Amino acid sequence: MWAVVRAVKRAFRYRFYPTDTQAAELARTFGCIRKVYNLALAARTEAWVSRQERVTYTATSAMLTRWKKTEDLAYLNEVSSVPLQQTLRHLQTAFTNFFAKRSRYPTFKSKKKSRRSAEYTHSAFRWRDGSLTLAKMTEPLAIVWSRPLPEGASPSTVTVSQDPAGRWFVSLLCVDVIPDAPATTAVGVGVDAGLDSLLTLSTGEKITNPRYERADRARLARAQRDLARKEKGSANRAKARLKVARVYARIADRRRDHLHRLTTRLVRDSQTIVIEDLSVRNMIRNHTLARAISDAGWRQFRAMLEYKANWYGRHLITVDRWYPSSKLCSTCGALAETMPLDVRSWTCRCGVVHDRDVNAARNLLAAGLAVTACGAGVSPQRETSRTGRPAVKQETSGVTQGIPFL
Ligand SMILES: [Zn+2]
């Protein structure tokens, strides 16, 4: 039998320990990136507000060349020029997303709150026998190889970052060859983001938050209380802030591990995975749902499903969030008139007793499978949402590049 294999771009992330010189160089680079990004954003905003002019990436790149020649900004020449160019590209992407109504207007980077990261393309690093040296540095980075890179892999892009807890990471984007996961007998699975459980599957399985979650949360609350009691500007306050960041980083790490295991299992076990197209931004506004949703890291969950489905040759289908998955009987198709959030189980006119979330997951699966049977975007049970978009859509493939959190 022929095995289907595909080459995908995949990010491999590792911790590393910079020397004092390297840490200083990177801190300087982060500062310059922030400066360039903010200057370019200001220029683009000004051009639009006062002259209704759109400024392109190329134009901002020319501005950067001019800024470097001024006395005030001459220090920009001290760091590698590649991460500065890359940040202008990221700004361009942010504007593209804004114009396509996928995201809000870009905001300024702040010293304390923004992610500290720098992206190097191949001209700005040297990769030799598994050692990585960045531009403007003499020594290679001391990387902890917690797992091997694929055989013979060579990174095309390298991203260095520091998290709020002070830990350093380097992410290497490499081409990896992945065989299709073996075919399964399970046709598909519907996944409902529940209220009581983290997720409910159409098989009836409920996936809860891991047990350590509560303890972690208590620890975070304690650290935050400690921080609030410390005097502003004091050394103790700085210490307390780092403590909060460490607890938070630990929570994020464990959540990511949990989601990785979960998404890998879902993708391996099913040919088709159907999820709801929740808009996290809108859900967060609803306070009763806020914690459940943000904890679950739905966005992260969905992104992982997207690229893993792509790697392993599976289908991921999203169903519009206005699709009445909770109100529809998955057995007879009758639509209940109302379904308040506190109703955990209900009995349909046809006599079937439904668990609210399992029923919703089954409906999602049915809606999704209708798409695969009829081709993308065509569904016999097509529902039109308030926004006028079709209720069911097929995920486009090709979203394996630029994975930010692996
Ligand atoms: Zn029914």
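The expected span of a helix is 1.5 Å times one less than its number of residues. Helices (H or I, at least four residues) and strands (E, at least two) are DSSP runs, numbered from the N terminus. Residues are numbered from 1 along each chain as its sequence is written. What you have here is a predicted model, where local features need pLDDT of at least 70 and side-chain atom pairs count only at pLDDT 80 or more, while totals for chains, interfaces and linings use all residues.

**Exercise 1. Work out whether the length of helix 3 fits its residue count.**

Step 1: helix 3 covers residues 81–99, which makes 19 residues. Step 2: at 1.5 Å a residue, the span should therefore be 27 Å. Step 3: the end C-alpha atoms are 28 Å apart, so the two values agree.

**Exercise 2. Find the buried residues of helix 3 and say what covers them.**

Step 1: get the cut-offs straight. A residue is buried if 20 or more other C-beta atoms lie within 10 Å of its own, exposed if 12 or fewer, and partly exposed in between, with C-beta atoms placed from the backbone. Step 2: in helix 3 the buried set is Val 82, Pro 83, Leu 84, Gln 86, Thr 87, Leu 88, Leu 91 and Phe 95. Step 3: recall that an α-helix has 3.6 residues a turn, so residues three or four places apart point the same way. Step 4: the cover over these residues includes helix 1 (20–51), helix 2 (57–69) and strand 2 (116–121).

**Exercise 3. Describe how helix 1 crosses helix 3, and then how helix 1 crosses helix 2.**

Step 1: axes are lines fitted to C-alpha atoms, for helices over the stretch in contact, and angles run from 0 to 180 degrees between N-to-C directions. Angles under 35 degrees count as roughly parallel, over 145 as roughly antiparallel, 65 to 115 as roughly perpendicular and the rest as oblique.

Step 2: the axes of helix 1 and helix 3 come within 9 Å and cross at roughly 40°, so this pair is oblique. On the helix 1 side, the contact (C-beta atoms, placed from the backbone, within 7 Å) uses Thr 29, Cys 32, Ile 33, Val 36, Tyr 37, Ala 40 and Leu 41. Helix 3 brings Pro 83, Leu 84, Thr 87, Leu 88 and Leu 91.

Step 3: for helix 1 and helix 2, the axes come within 11 Å and cross at roughly 120°, so this pair is oblique as well. Here Val 36, Leu 39, Ala 40 and Ala 43 of helix 1 meet Thr 60, Met 63, Leu 64 and Trp 67 of helix 2.

**Exercise 4. Lay out the open sheet and place helix 1 on it.**

Step 1: strands pair if DSSP finds at least two bridges between them. Step 2: four strands line up in the order 1-6-5-2, with antiparallel pairing. Step 3: strand 1 (5–15) and strand 2 are the edges, each pairing on one side only. Step 4: from one strand to the next, the twist averages 25°. Step 5: strand 2 and strand 5 run antiparallel and are joined by six bridges, with Arg 116 standing opposite Gln 162 in strand 5. Step 6: helix 1 packs on the sheet, touching strand 2 and strand 5, and its direction makes about 95° with that of strand 2.

**Exercise 5. Trace the parallel pairings of strand 10, then look at helix 5.**

Step 1: strand 7 (residues 188–193) runs parallel to strand 10 (residues 272–277) and is joined to it by four bridges. Gly 190 stands opposite Val 274. Step 2: six bridges join strand 10 to strand 11 (residues 315–320), again parallel, and Val 274 stands opposite Ile 317. Step 3: helix 5 (residues 235–269) has 35 residues, so it should span 51 Å, and its end C-alpha atoms are indeed 51 Å apart. Step 4: its buried residues are Val 244, Val 247, Leu 259, Thr 263, Leu 266 and Val 267. They pack against strand 7, helix 4 (212–229), strand 10 and helix 8 (298–312).

**Exercise 6. Which loop holds Lys 101, and is Lys 101 buried or exposed?**

Step 1: Lys 101 follows helix 3 and is found in the loop between helix 3 and strand 2. Step 2: its phi is positive, about 60°, although it is not a glycine. Most residues other than glycine have a negative phi. Step 3: Lys 101 has 7 C-beta neighbours inside 10 Å, so it counts as exposed.

Note on methods:
Two residues are in contact if their C-beta atoms, placed from the backbone, lie within 7 Å.
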